[in-house]
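Trainee: I have a structure open and would like to learn how to read it. Could you walk me through it, one feature at a time?

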Amino acid sequence: MSIVLDGVDLPKDLEWQDEFDWTPVSQNKEVFLSGTLVVEEAAQNKGRPITLYGGANASWVTRSTVLALYALAQSPANVMTLNYHGTEYSVMWSRSEIPIEAKPVQRIMNPGPDHKYYITLRLFEVES
């Protein structure tokens, strides 16, 4: 199995940190002045967060991969395809936080294209 984001191959052991931190049902609760509680629920088709995390000790990528990911992030409203171990998702960058974090595994001056980084990618599922 593999992980590919719009043609960019990613380490297959990236962890989907928030896979179960979302529910497909939205809920709104409101208490009126009369004391009546009104609860509204509706299906939420998309919007599921997909945060892919590697960490300092695993799932390293090269600097050239980081640059390819940053190139994907340069276009606003860019809907991409994420293949996560055989399941495809239509995703966008989650820009409410930093969408891509890349930290060098070892700090050196003037890193080359093969220098290793660990990454966190923040995406969310959208309609295709």
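Mentor: Happily; we will go through strand pairing, burial, salt bridges and a surface patch. Keep in mind that this is a predicted model.

Trainee: Let's begin with strands. Which strands are joined to E11 by 5 bridges?

Mentor: To read pairing, look for the bridges between two strands and for the sense in which the strands run. Strand E6 (residues 49-53) is joined to E11 by 5 bridges, and the two run antiparallel. Strand E10 (residues 100-104) is also linked to E11 by 5 bridges, again antiparallel.

Trainee: And how many bridges does E11 share with strand E7 and with strand E9?

Mentor: Strand E7 (residues 61-62) pairs with E11 over 2 bridges in the antiparallel sense. For strand E9 (residues 87-93), the antiparallel pairing with E11 has 3 bridges.

Trainee: I'd like to find these pairings on screen. Which residue of E11 stands opposite Thr 51, and which opposite Val 61?

Mentor: Thr 51 faces Arg 122 in E11, and Val 61 faces Tyr 117 in E11. For two further landmarks, Met 92 has Phe 124 of E11 as its bridge partner, while Lys 103 is placed opposite Tyr 118 in E11.

Trainee: Now burial. Is strand E11 largely enclosed or open?

Mentor: For a strand, count how many of its residues are buried, meaning under 20% relative accessible area. Strand E11 covers residues 116-125, and 7 of its 10 residues are buried, so the rest of the structure largely encloses it.

Trainee: Let me try a single residue. Is Lys 103 buried, exposed or partly exposed?

Mentor: Lys 103 belongs to strand E10. Lys 103 counts as partly exposed because its relative accessibility is 40%, and that class sits between 20% and 50%.

Trainee: What does Lys 103 touch, apart from residues up to four places away in sequence?

Mentor: Lys 103 touches Lys 116, Tyr 117 and Tyr 118. You can also use Lys 103 to get a sense of distance: its C-alpha atom and that of Lys 29 are separated by 41 Å, with the two residues 74 places apart along the chain.

Trainee: On to charges. What should I have in mind when I look for salt bridges, and how many are found here?

Mentor: Side chains of opposite charge can pair when their charged atoms come close. A search of the whole structure gives 3 salt bridges.

Trainee: Which residue pairs with Lys 46 in a salt bridge, and where do the two partners lie?

Mentor: The side chain of Glu 125 meets that of Lys 46, at 3.2 Å from N to O. This pair links distant parts of the chain: Glu 125 is in strand E11 and Lys 46 is in the loop between E5 and E6, 79 residues apart.

Trainee: Why does Glu 125 count as buried, and how does Lys 46 class?

Mentor: Glu 125 is buried because its relative accessible area is 11%, whereas Lys 46 is partly exposed at 30% relative accessibility. Beyond neighbours within four places in sequence, the contacts of Glu 125 include Gly 47, Arg 48, Tyr 89, Ser 90 and Val 91.

Trainee: And which salt bridges does Arg 122 make?

Mentor: Arg 122 meets Glu 97 in a salt bridge of 3.5 Å, N to O. That pair brings together strand E11, which holds Arg 122, and the loop between E9 and E10, which holds Glu 97, 25 residues apart. Arg 122 also meets Glu 101 in a salt bridge of 2.8 Å, N to O. Here the partners are 21 residues apart, with Glu 101 in strand E10. Through shared partners, the salt bridges join Glu 97, Glu 101 and Arg 122 into one network.

Trainee: Which members of that network are buried or partly exposed?

Mentor: Arg 122 counts as buried, at 13% relative accessibility. Glu 97 is partly exposed at 48%, and Glu 101 is partly exposed at 25%.

Trainee: Last, the surface. Which residues form a nonpolar patch there?

Mentor: For a patch, look for nonpolar side chains grouped on the surface. Val 31, Leu 37 and Val 39 form one, with about 280 Å² of accessible area together. Val 39 sits in strand E5 (residues 37-43) and is partly exposed, at 44% relative accessibility.

Conventions
Residues numbered from 1 in each chain as written. Predicted model: local features only at pLDDT ≥ 70, side-chain atom pairs only at ≥ 80, totals over all residues. Heavy atoms only, no water. Patch = residues over 30% accessible without salt bridge, like charges linked within 9 Å, V, L, I, M, F, W, Y side chains within 5 Å. Areas by Shrake-Rupley, 256 points an atom, 1.4 Å probe, with all protein chains shown as cover. Salt bridge = Lys/Arg side-chain N within 4 Å of Asp/Glu carboxyl O. Helix = DSSP H or I, 4+ residues; strand = E, 2+ residues; numbered from the N terminus. Buried < 20%, exposed > 50% of the residue type's maximum accessible area, 1.4 Å probe, protein only. Pairing = 2+ DSSP bridges. Contact = heavy atoms within 4.5 Å.
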